[in-house]
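Student: I should like to take a close look at a single part of this protein, namely the residues that its database record marks as a binding site. Could you please guide me through them in one connected account?

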Amino acid sequence: MSFRARHLLGIEHLAPDEILAILDLAERYVDFSRRTVKKSDALAGMTQINMFFENSTRTQASFELAGKRLGADVMNMAVAQSSVKKGETLIDTALTLNAMHPDLLVVRHNASGAVNLLAEKVNCAVLNAGDGRHEHPTQALLDALTIRRAKGRIQRLTIAICGDIQHSRVARSNLLLLGKMDNRVRLVGPPTLMPSGVAEFGCEVFDDMKAGLKGADVVMMLRLQKERMDGGFIPSEREYFHRYGLDAEKLAFAAEDAIVMHPGPMNRGVEIDGTIADDINRSVIQEQVEMGVAVRMACMDLLARNLRAERGAAASEVMA
């Protein structure tokens, strides 16, 4: 496997062959997860700690399930009841966790760069489960796996990412990954929800849904992240759906075999019409959930291999 990373902090520093290595192994874990008995010893004897400073039921459940299927001892840290809420710094938390000798640390945090800081202070492998507006690498990887299985490839596709681009780490990670794989990426949404400097991202930008979706192979809708908004970014949810919500009329401008995606949780009637979300011929939203477990299994497996190799090399040096 061509995967060399010590941590999985983002897509930005992954090479295309590393991305493909994750996707190829994840394909095997899709089949594995569909078996009656879903138990591997890939992470046997290893400890995985899930530390979520932000709530995310589906992401945490996905990582927990992935770790248990691989045979790890999995602990979910209740951050809301921890010393972090009493004034303990992130570095103090990292040093405390490091003293427990975990092998894999899965972290979700509301501050961009917090996961990178933790990775500098611990001896284990760190996986970014989403940090601020920065990145959400496993979401982009599971999206890529979903696209590849639906379209037969992950290159040379026209992909429209629509909605709240400014506040979305999912959009950033997908933009990085899809760009590395030679796709034509479009960002579609209101100017108020586009990040500054968007023209420098190397993709097309549209503020009209019909123009942005024209001929698209993949339509990726994003959640309207009201919890990260501190101003009047949209006039109303009703007006937003009218102009930027995905319905049958707008989807008709995409390719006839275009697939519809959403990272969840969905705001039906705001970002996407419920009929479109549930369309078994176009929507792959449930497949994204399934691919999430397989991709996270692959990521942890590959990081564990590298960690074991690193520790083995260090032990050999000591013996010498």
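Tutor: In this predicted model, Arg108 has a relative accessibility of 10% and therefore counts as buried, since the cut-off for that word is under 20%. Arg108 is placed in strand β3, which runs over residues 104-109. If neighbours within four places in sequence are set aside, the contacts of Arg108 include Met51, Phe52, Phe53, Glu54, Asn55, Ser56 and Thr59. Ala129, Gly130, His136 and Arg169 are also in contact with Arg108.

Two of these partners, Thr59 and His136, share an annotation with Arg108: the unreviewed UniProt entry places the feature "binding site" at Arg58, Thr59, Arg108, His136, Gln139, Gly264 and Pro265. The lining of the largest pocket takes in Arg58, Thr59, Arg108, His136, Gln139, Gly264 and Pro265 from this set.

Gln139 deserves a similar reading. Its place is in helix α5, residues 137-151, and with a relative accessible area of 7% Gln139 is buried. Leaving aside neighbours within four places in sequence, Gln139 is in contact with Val170, Pro263, Gln288 and Arg296.

A further "binding site" annotation in the unreviewed UniProt entry covers Lys86, Arg169 and Arg223. Of these residues, Arg169 and Arg223 are included in the lining of the largest pocket.

Arg169, already met as a contact of Arg108, is found in helix α6, which comprises residues 169-180. Its relative accessible area is 4%, so Arg169 is buried. The side chain of Arg169 is joined to that of Glu54 by a polar contact of 2.8 Å. Glu54 is also among the residues in contact with Arg108.

Arg223, by contrast, lies in a loop, between β8 (218-221) and α8 (237-244). Not counting residues up to four places away in sequence, Arg223 touches Asp164, His262, Pro265, Asn267 and Glu271. One of these, Pro265, belongs to the set of annotated residues that includes Arg108.

The setting of this part may now be considered. The protein has eleven helices and nine strands, and 56% of its 320 residues count as buried. Among contacts with a separation of 6 or more, 74% are between residues 24 or more positions apart. The radius of gyration is 20 Å, which agrees with the value near 20 Å that a compact globule of 320 residues would have. Along its principal axes, the C-alpha trace spans about 65 × 45 × 40 Å.

Note on methods: Residues numbered from 1 in each chain as written. Predicted model: local features only at pLDDT ≥ 70, side-chain atom pairs only at ≥ 80, totals over all residues. Heavy atoms only, no water. UniProt positions renumbered as here; feature names shortened; annotations may be inferred. 1 Å grid on protein atoms, 1.4 Å probe; cavity = no way out; pocket = protein on both sides within 12 Å on 5 of 7 lines; lining within 4 Å. Helix = DSSP H or I, 4+ residues; strand = E, 2+ residues; numbered from the N terminus. Buried < 20%, exposed > 50% of the residue type's maximum accessible area, 1.4 Å probe, protein only. Contact = heavy atoms within 4.5 Å. Polar contact = N/O pair within 3.5 Å; in protein donor to acceptor, adjacent residues only side chain to side chain. Rg over C-alpha atoms; globule rule 2.2 N^0.38 Å.
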